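I opened the notebook to look up strands, pockets and contacts, one entry at a time. The sequence and structure come first.

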Amino acid sequence: MRAVRIPRAGGPEVLEWGAEEDPVPGPEELLVRVHASALNRADILQRMGRYPPPPGAPPQVPGLEYAGEVVHCGPRVAQWRPGDRVMGLVAGGAHAEYVVVHERTALRITPALGWEE
């Protein structure tokens with residue numbers, strides 16, 4: 001998949017659009033195709049080398065908020081199906097084509113809202 005990457009600390013010029021491994025959902029996780037993500041202060045601080053991502057988060061891919069469509073569900077997922085519109089927070093990695101989230105952390109997006117909203 002493609003993702004925004006932070007190869008080294010610095011200003012906006014260090015950001016690159018590059019290839020990352022496709023994430024694989026676990027038994028209670030969703031694979032979400034990201035349609036929108038947000039830029040926040042933590043992302044800027046991470047780019048500057050002043051905010052290390054939490055353990056388990058992709059070390060070079062920022063992004064804490066996402067909105068997208070479920071494309072695959074782990075075998076023990078009970079409340080979601082492919083095609084469902086979801087949003088939520090993650091420890092990192094939302095500035096990418098795909099993100100994996102635990103099913104309990106996803107929130108349903110009402111059809112009245114667009115991806116960016």
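Leaving aside neighbours within four places in sequence, which residues is P23 in contact with? I found M1, L31, Y98, V99 and V100. The model I am reading is a predicted one.

**Entry: P23**

I placed P23 in the loop between β2 (16–19) and β3. Its relative accessible area is 22%. I therefore logged P23 as partly exposed, since buried means under 20%. I also checked P23 against V77. The two are 54 residues apart in sequence, and their C-alpha atoms are 17 Å apart in space.

**Entry: the largest pocket**

P23 came up again here. I read off 16 lining residues for the largest pocket, and those nearest its centre are P23, P58, G92, G93 and V99. V99 is also on the contact list of P23. The volume of this pocket is about 260 Å³. I sorted the lining by class and got 11 nonpolar, 3 polar and 2 charged residues.

**Entry: the open sheet**

I traced an open sheet of 5 strands next. The order is β6-β3-β4-β5-β7, and the pairing is antiparallel. Why is one side of β6 and of β7 (107–108) left without a neighbour in the sheet? Both stand at the edges, and each has a single partner strand, so one side of each has no neighbour in the sheet.

Then I went through the pairs. β3 and β4 are joined over 7 bridges in the antiparallel sense. Within this pair, I found V32 opposite V70 in β4. L30 stands opposite C73 in β4. β4 also pairs with β5, again antiparallel, over 5 bridges. There A67 faces M87 of β5 as its opposite residue.

**Entry: the second largest pocket**

A67 and M87 turned up again in the second largest pocket. They are among the residues nearest its centre, together with E65, Y66 and W115. The full lining has 15 residues. Which strands each supply at least two residues of this lining? I noted β3 (29–37), β4 (65–73) and β5 (85–89). The space in this pocket is about 200 Å³. By class, I recorded 9 nonpolar, 3 polar and 3 charged lining residues.

**Entry: S37**

I looked up S37 in strand β3. Not counting residues up to four places away in sequence, S37 touches E65, Y66, A94 and H95. E65 and Y66 are also among the residues nearest the centre of the second largest pocket. S37 has a relative accessible area of 37%, so I logged S37 as partly exposed. I checked the separation of S37 and M87 too. They are 50 residues apart in sequence, and 9.3 Å apart in space from C-alpha to C-alpha.

**Entry: the largest nonpolar core**

I counted 14 residues in the largest nonpolar core. Those with the most contacts inside it are L30, Y66 and V101. The elements that give two or more residues to this core are β3, β4 and β6 (98–102).

I followed V101 further. Leaving aside neighbours within four places in sequence, V101 is in contact with L30 and Y66, and also with E28, E29, V32, V90 and A106. Y66 thus links two of my entries: the core and the second largest pocket.

**Entry: β1 and β2**

I turned to another strand pair. β1 and β2 run antiparallel, and 4 bridges join them. I found R2 opposite A19 in β2.

Which side chains of strand β1 (residues 2–5) are buried? A3 and R5 are, and they point to one face. R2 and V4 point to the other face and are not buried. In a regular strand, side chains alternate between the two faces of the sheet.

**Entry: G18**

My last lookup was G18, in strand β2. Is G18 buried or exposed? With a relative accessible area of 10%, G18 is buried. Not counting residues up to four places away in sequence, G18 touches M1, R2, A3 and R5. M1 is also in contact with P23. I then took the pair G18 and A3. They are 15 residues apart along the chain, and 5.6 Å separates their C-alpha atoms.

Terms used
Residues numbered from 1 in each chain as written. Predicted model: local features only at pLDDT ≥ 70, side-chain atom pairs only at ≥ 80, totals over all residues. Heavy atoms only, no water. 1 Å grid on protein atoms, 1.4 Å probe; cavity = no way out; pocket = protein on both sides within 12 Å on 5 of 7 lines; lining within 4 Å. Points joined across faces, edges and corners; volume = space filled by probe spheres on them. Nonpolar A, V, L, I, M, F, W, Y, C, P; charged D, E, K, R; others polar. Pairing = 2+ DSSP bridges. Core = buried A, V, L, I, M, F, W, Y, C linked by side-chain atoms within 4.5 Å. Buried < 20%, exposed > 50% of the residue type's maximum accessible area, 1.4 Å probe, protein only. Contact = heavy atoms within 4.5 Å.
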